[in-house]
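Reader: Got a minute to go through a model with me? I'd like to talk about rings and backbone.

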Amino acid sequence: TREMAQGALLEAERQLRPAALACRTGPFRYRCGYLNFKLGELYRELNRTDLAYEAGRVALHLVQEIDAWQLETTVLALLGDIAFFDNHHALIQIYFPEIAEREALGPEDCRFTKFMRDRLAMVDVFNLRFDAARQVMTEAGHCGVSASKIGLFVQVDVARSGSANEIAAV
């Protein structure tokens with residue numbers, strides 16, 4: 001919404017929440033799924049992850065009912081991102097690989113793939129699986145996309161766990 005873009009998050013919530021709740025019983029499933037997705041994004045920005053999960057799961061259910069494949073993938077990315085910021089490692093390892101499988105069916109979006117891989121690698125680092133994180137980062141490739149902050153943190157932590165040559169390379 002315009003309010004979200006302008007940083008007026010509480011005003012955006014005041015408008016989005018009633019609209020998202022009201023549309024659940026109406027015939028406009030795609031629009032309702034999108035409204036709930038935007039509400040989930042808003043709650044993620046407000047660090048209200050419990051409400052973000054709720055809105056995201058409602059959005060996922062609605063878009064699955066109408067088989068809106070692309071919007072479903074976008075909602076899965078939102079749910080994965082919320083899980084990442086809420087430290088739900090098991091959920092991250094469910095959502096992001098599902099998205100990666102979907103991405104493999106169509107033209108690859110390098111930025112999006114790198115976004116997912118960076119987060120999956122960070123989960124491996126959190127769980128002290130440095131070799132797994134190294135492998136995920138290698139799979140992510142570079143494709144001309146600058147490293148994200150999360151990707152840089154992963155590279156540093158992986159290098160700290162590795163050989164002197166890897167540490168010198170960072």
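Author: Sure, aromatic pairs come up here, then backbone angles. Keep in mind that this is a predicted model.

Reader: How many aromatic pairs does the structure hold?

Author: Three. One of them joins Tyr 34 and Phe 37, with 6.0 Å centre to centre and 40 degrees between the planes. That pair is tilted.

Reader: Where do Tyr 34 and Phe 37 lie?

Author: Both are in helix α3, three residues apart, about one turn of the helix.

Reader: Is Phe 37 buried or exposed?

Author: Phe 37 is buried, at 7% relative accessible area. Tyr 34 is partly exposed, at 37%.

Reader: And Phe 84 with Phe 85, what kind of pair is that?

Author: Edge-to-face, because the planes stand at 85 degrees and the cut-off is over 60. The ring centres are 5.2 Å apart. Phe 84 is buried at 7% relative accessibility, while Phe 85 is partly exposed at 49%.

Reader: Which cluster do Phe 84 and Phe 85 belong to?

Author: Ring pairs link them with Phe 126.

Reader: What lies over the face of Phe 84?

Author: Arg 119, at 5.2 Å from the ring centre.

Reader: Switching to backbone. What is phi of Asn 47?

Author: Near 60 degrees, a positive value in a residue other than glycine. Asn 47 sits in the loop between α3 and α4 and is exposed, at 66% relative accessible area.

Reader: What about phi of Leu 128?

Author: Near 60 degrees, so positive there too. Leu 128 is in the loop between α7 and α8. Its relative accessibility is 65%, which counts as exposed.

Conventions
Residues numbered from 1 in each chain as written. Predicted model: local features only at pLDDT ≥ 70, side-chain atom pairs only at ≥ 80, totals over all residues. Heavy atoms only, no water. Helix = DSSP H or I, 4+ residues; strand = E, 2+ residues; numbered from the N terminus. Buried < 20%, exposed > 50% of the residue type's maximum accessible area, 1.4 Å probe, protein only. Phe/Tyr/Trp six-rings, centres within 6.5 Å; stacked < 30°, edge-to-face > 60°. Lys NZ or Arg CZ within 6 Å of the ring centre and 35° of its normal.
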